[in-house]
Amino acid sequence: MRIRFARRSDLPYLQDIERAAGEPFRTLGMAFVADDDPPPLDLLESYRLADRCWVATDPLSATGDRPLGYLLADPVDGALHIEQVSVDPAAARRGIGRTLIDRLAAPAAERGMRALTLTTFTDVPWNAPYYARIGFRVLAEGELTDGLRAIRAEEAQNGLDRWPRVCMRREVVVAAAQDPEPPEPSTGRESPADSGAREVRVPGGPGVLGAPRAVAVSGGA
């Protein structure tokens, strides 16, 4: 598996992945989540230009260097916050979501960040229970930072609190991470990811610290 920064030519594929990866939520009666539109190209491009959009590929497979999954992240209150992560259902159960998350440790540490955070559904099997298995813990209400509270408030405003949600955190362990390949020069749930499900973007306001952002609905793999 290869983890690298996204290229501009990858972005339409990321939208395709997002559409396909939403379907597992429909089986849980969460059509609102399944029907969410993929991130628009201009939002994905802003993450790409900021080097905060990573993709997973398998150069030895029939898909070659085409993305099989992707992850978006933003700096939020001293942590690298997983805004969205999705994997093509055709590549499910290969650990792609976990690999993408694990690779965030090095860039987080380089930016002086102490942890990874996410928001997620409590009762979806490939959401909070999965993240707990890979080292995330649920944050108590008193542990939430101002940035996380703002994210949760936006999620509630967009109707996501019709299902129970939590914020989770995992401390950064740099020794377990590897850097993705540098970006090419510009020309201008099983986690949801592992099972083919996704983190869903909710259109909303400006990101924390001026970062363009998508609100993670299921929180991260």
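A crossing of two helices is called left-handed if the near helix is turned anticlockwise from the far one by less than a right angle, and right-handed if clockwise. The model is predicted, so that local features need pLDDT of at least 70 and side-chain atom pairs count only at pLDDT 80 or more, while totals for chains, interfaces and linings use all residues. Residues are numbered from 1 along each chain as its sequence is written, and side-chain values use heavy atoms, with hydrogens and water left out.

**Exercise 1. Describe how helix H1 and helix H4 cross, and which residues meet.**

Step 1. Helices (H or I, at least four residues) and strands (E, at least two) are DSSP runs, numbered from the N terminus; here H1 covers residues 11-21 and H4 residues 41-49.

Step 2. Using axes fitted to C-alpha atoms, for helices over the stretch in contact, with angles from 0 to 180 degrees between N-to-C directions, one finds that the two axes come within 10 Å and cross at roughly 115 degrees. The crossing is right-handed.

Step 3. Taking contact as heavy atoms within 4.5 Å, Leu 11, Pro 12, Leu 14 and Gln 15 of H1 meet Leu 41, Leu 44 and Glu 45 of H4.

**Exercise 2. Work out the strand order of the open sheet, and place strand E7 within it.**

Step 1. Two strands pair if DSSP finds at least two bridges between them. The open sheet has seven strands in the order E1-E2-E3-E4-E5-E7-E6, with mixed pairing, and its edge strands, E1 (2-5) and E6, each pair on one side only.

Step 2. E7 (residues 165-171) pairs with E5 (residues 115-121) in the antiparallel sense over seven bridges, where Thr 119 stands opposite Cys 167. With E6 (residues 137-138), E7 also pairs in the antiparallel sense, over two bridges, and Val 138 stands opposite Met 168.

Step 3. With buried meaning under 20% relative accessible area, exposed over 50% and partly exposed in between (1.4 Å probe, protein chains only), six of the seven residues of E7 are buried.

**Exercise 3. Characterise the surroundings of Arg 4 in strand E1.**

Step 1. E1 runs antiparallel to E2 (residues 53-57), to which four bridges join it; Phe 5 has Trp 54 in E2 as its bridge partner.

Step 2. Arg 4 counts as buried because its relative accessibility is 2%.

Step 3. The side chain of Arg 4 reaches the backbone oxygen of Asp 65 at 3.0 Å.

Key
A polar contact is a pair of N or O atoms within 3.5 Å; within protein, one must be able to donate a hydrogen and the other to accept it, and residues adjacent in sequence count only if both atoms are side-chain atoms.
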